[in-house]
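I opened this model to see how the chain is put together. My notes follow in the order in which I looked things up.

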Amino acid sequence: MSALVILATGAEEMETVIPTDVLRRAEINVTVAGLFGSDPVTCSRNVVIKPDKSLEEAVKEGPYDVVILPGGNLGADNLSESPKVKELLQAQQERNSFIAAICAAPKALMTHGIAHGKTLTSHPAIKELLDKSGQYTYSEERVVTDGKLITSRGPGTAFEFALAIVEALKGKETVTKITPPMLLKL
């Protein structure tokens, strides 16, 4: 199993690192790819993260079982403005493979025309934008899975989001195995 996390300038740190860590605990091969190259990326709270490689390099190693979009307002804007992200998400959707987006990242789904007609959630700050698009059914749930789309609300739901991705890829038994050592209280 493989996952691609797209790291853009302004991404929310927890929404990047927590899914990466949890998926790696589940023995999923995770690649953190820098949207603008392989140089260190400054995130929304000024934490700097070094991607494994550039998105351009990572795409050559695909396809991936899941593509993950962390949120953060600026990060989501950068994902929304990227033709590379649009192309990757369209290919992922055409293959009927998983797409996961948290916090403000569903904005990129909307901008790129992905997952129309699906039920999703997001950070409350972009609820109105998604509602006005008329493209989605909006839910207030902390994590929403609709077919091959997994969405979540924000930093406080990052563990639940990550575990939903693990369950989708490797089953409930893997979630049950990796949760106790993390001392999660869900």
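**Sheet**

I began with the strands of this predicted model. Seven of them make up an open sheet with mixed pairing, and I read their order as β5-β2-β1-β6-β7-β11-β10. The edges are β5 (53-54) and β10 (143-146), each of which pairs on one side only.

I then looked up one pair within the sheet. Strand β6 (residues 66-69) runs parallel to strand β7 (residues 98-102), and four bridges link the two. Which residue stands opposite I99 in β7? I found V67 there.

**Helix across the sheet**

Next I asked which strands helix α7 lies across. The helix covers residues 158-170, and the strands are β6, β7, β10 and β11 (149-152). Against β7, α7 runs at about 175°.

**Whole chain**

I noted eight helices and eleven strands in the chain. The radius of gyration is 15 Å and the globule rule gives 16 Å for 186 residues, so the chain is as compact as a globular protein of that length. For its extent, I noted that the C-alpha trace spans about 40 × 35 × 35 Å along the principal axes.

**Largest pocket**

I turned to the largest pocket, whose volume is about 200 Å³. Its lining consists of L55, E56, V59, G62, P63, Y64, K84, E87, L88, A91, Q92 and R95. Two elements, α2 (55-60) and α4 (83-94), each give two or more residues to this lining. Which element gives the most? I found that α4 does, with five residues.

I also sorted the lining of the largest pocket by class: six residues are nonpolar, two are polar and four are charged.

**Backbone details**

P63, already noted in the pocket lining, called for a second entry. The peptide bond that joins G62 and P63 is cis, with omega about 5°. Both G62 and P63 are among the residues that line the largest pocket. I placed P63 in the loop between α2 and β6.

The last residue I looked up was C103. What is its phi? I noted a value near 65°, which is positive, in a residue other than glycine. Where does C103 lie? I found C103 in the loop between β7 and α5 (106-111). I had met β7 earlier as the parallel partner of β6 and as one of the strands that α7 lies across.

Key. Residues numbered from 1 in each chain as written. Predicted model: local features only at pLDDT ≥ 70, side-chain atom pairs only at ≥ 80, totals over all residues. Heavy atoms only, no water. 1 Å grid on protein atoms, 1.4 Å probe; cavity = no way out; pocket = protein on both sides within 12 Å on 5 of 7 lines; lining within 4 Å. Points joined across faces, edges and corners; volume = space filled by probe spheres on them. Nonpolar A, V, L, I, M, F, W, Y, C, P; charged D, E, K, R; others polar. Pairing = 2+ DSSP bridges. Contact = heavy atoms within 4.5 Å. Axes fitted to C-alpha atoms, helices over the stretch in contact; angles between N-to-C directions. Rg over C-alpha atoms; globule rule 2.2 N^0.38 Å.
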